[in-house]
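Work through the following exercises with the sequence and the 3D structure at hand. Each task is followed by a solution in steps.

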Amino acid sequence: QVQLVESGGGLVQAGGSLILSCAASGRTFSSDAMGWFRQAPGKEREFVAAIRWSGGNTYYAHSVKGRFTISRDNAKNTVYLQMNSLKLEDTAVYYCAAGRYGVLPRLYDYWGQGTQVTVSS
C-alpha cells in the first residue's frame, strides 16, 4: 500500500502561482512514477503532469506545459507541482497518484484525497 497526502491548494488570482505537495509513504518503491491529475466540476479527471522516481523523466499536458513544473525529492518521497501563470480554467480538485509512468488514470494504483485549487479573476 502507498499513502498519498496532498497539500498546498487554495484560492489565487489569475496570473498568480501556487505550489502543491504530495507526500508519499508506505511501499513507495513499488511505484515507478508519480502523476498529477485534476478534475473540474462536471468534467472527467484529466492528466496534468507525471515524473519518474528514477531518472526524473517528466511529461506534461499541453494545457499546462510551460506554466507548470513537476519535481520530486526522492529523499522525502515527495512530489511537487509548481503552478505559475494560473488561469481560470485551472480551477479544479488536484490529485496526486502513484503508479506507472503515463497519462492514463488507470496506470495509477494509488490516489490522494485531492486538494482544491480555485483561480479567481
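**Exercise 1. Overall dimensions**

Task: What radius of gyration does the chain have, and what would a compact globule with 121 residues have?

Solution. Step 1: for 121 residues, a compact globule would have a radius of gyration near 14 Å. Step 2: the chain in this predicted model has 13 Å, which agrees with that value. Step 3: the C-alpha trace spans about 40 × 25 × 25 Å along its principal axes. Step 4: of the 121 residues in the chain, 44% are buried.

**Exercise 2. Secondary structure**

Task: How many helices and how many strands does the chain have?

Solution. Step 1: there are 11 strands and 0 helices. Step 2: reading along the sequence gives the pattern β-β-β-β-β-β-β-β-β-β-β.

**Exercise 3. An open sheet**

Task: In which order do the 4 strands of the open sheet come, and which are the edge strands?

Solution. Step 1: the order is β1-β3-β8-β7, with antiparallel pairing. Step 2: β1 (2-7) and β7 (68-73) are the edge strands, because each pairs on one side only. Step 3: from one strand to the next, the twist averages 15°. Step 4: strands of a sheet pair through backbone hydrogen bonds. Step 5: at one edge, β1 is joined to β3 by 6 bridges, and Gln3 has Ser25 as its bridge partner in β3. Step 6: at the other edge, 6 bridges join β7 to β8 (residues 78-83), where Phe68 has Met83 as its bridge partner.

**Exercise 4. The two faces of β1**

Task: Which residues of β1 make its covered face, and which its uncovered one?

Solution. Step 1: Val2, Leu4 and Glu6 make the covered face. Step 2: Gln3, Val5 and Ser7 make the uncovered face. Step 3: Gln3, on the uncovered face, is the residue whose bridge partner in β3 is Ser25.

**Exercise 5. The partners of β4**

Task: With which strands does β4 pair in the antiparallel sense, and over how many bridges?

Solution. Step 1: β4 pairs with β5 over 6 bridges. Step 2: β4 also pairs with β9, over 7 bridges. Step 3: Ala33 stands opposite Arg52 in β5 and opposite Gly99 in β9. Step 4: β4 and β5 form a hairpin with 6 residues between them, and Gly42 in the turn has a positive phi of about 80°. Step 5: β4 is mostly covered, with 6 of its 7 residues buried.

**Exercise 6. The salt bridge of Arg52**

Task: Which residue forms a salt bridge with Arg52, and where do the two residues lie?

Solution. Step 1: the partner is Asp32, and the closest N and O atoms are 2.6 Å apart. Step 2: Arg52 lies in strand β5 (residues 46-52), whereas Asp32 lies in the loop between β3 (18-26) and β4 (33-39), so the salt bridge ties together parts that are 20 residues apart in sequence. Step 3: Arg52 is partly exposed because its relative accessible area is 27%. Step 4: Asp32, with 33%, is partly exposed.

**Exercise 7. A salt-bridge network**

Task: Which residues are linked in a network of salt bridges?

Solution. Step 1: the structure holds 4 salt bridges. Step 2: Arg38, Glu46, Arg67 and Asp90 are linked in a network. Step 3: between Glu46 and Arg38, the closest N and O atoms are 2.6 Å apart. Step 4: Arg38 also meets Asp90 in a salt bridge, at 2.9 Å from N to O. Step 5: Arg38 lies in strand β4 and Asp90 in the loop between β8 and β9, so this pair ties together parts that are 52 residues apart in sequence.

Task: Which of Glu46, Arg38 and Asp90 are buried, and which partly exposed?

Solution. Step 1: buried means under 20% relative accessible area. Step 2: Arg38 has 5% relative accessibility, so Arg38 counts as buried. Step 3: Asp90 has 0%, so Asp90 is buried. Step 4: Glu46 has 34%, so Glu46 counts as partly exposed.

**Exercise 8. A nonpolar patch**

Task: Which residues make the nonpolar surface patch of about 260 Å²?

Solution. Step 1: the patch is made by Tyr59, Val103 and Leu104. Step 2: Leu104 is found in the loop between β9 (92-99) and β10 (108-111). Step 3: Leu104 has 37% relative accessibility, so Leu104 counts as partly exposed.

Methods. Residues are numbered from 1 along each chain as its sequence is written. This is a predicted model: local features need pLDDT of at least 70, side-chain atom pairs count only at pLDDT 80 or more; totals for chains, interfaces and linings use all residues. Side-chain values use heavy atoms; hydrogens and water are left out. Patches are made of residues with over 30% relative accessible area and no salt bridge: like charges are joined within 9 Å, nonpolar side chains (Val, Leu, Ile, Met, Phe, Trp, Tyr) within 5 Å. Accessible areas come from the Shrake-Rupley method with a 1.4 Å probe; for residues, only the protein chains shown count as cover. A salt bridge is a side-chain nitrogen of Lys or Arg within 4 Å of a carboxyl oxygen of Asp or Glu. Buried means under 20% relative accessible area, exposed over 50%, partly exposed in between (1.4 Å probe, protein chains only). Two strands pair if DSSP finds at least two bridges between them. Axes are lines fitted to C-alpha atoms, for helices over the stretch in contact, and angles run from 0 to 180 degrees between N-to-C directions. The radius of gyration is taken over C-alpha atoms; the globule rule is 2.2 Å times the number of residues to the power 0.38.
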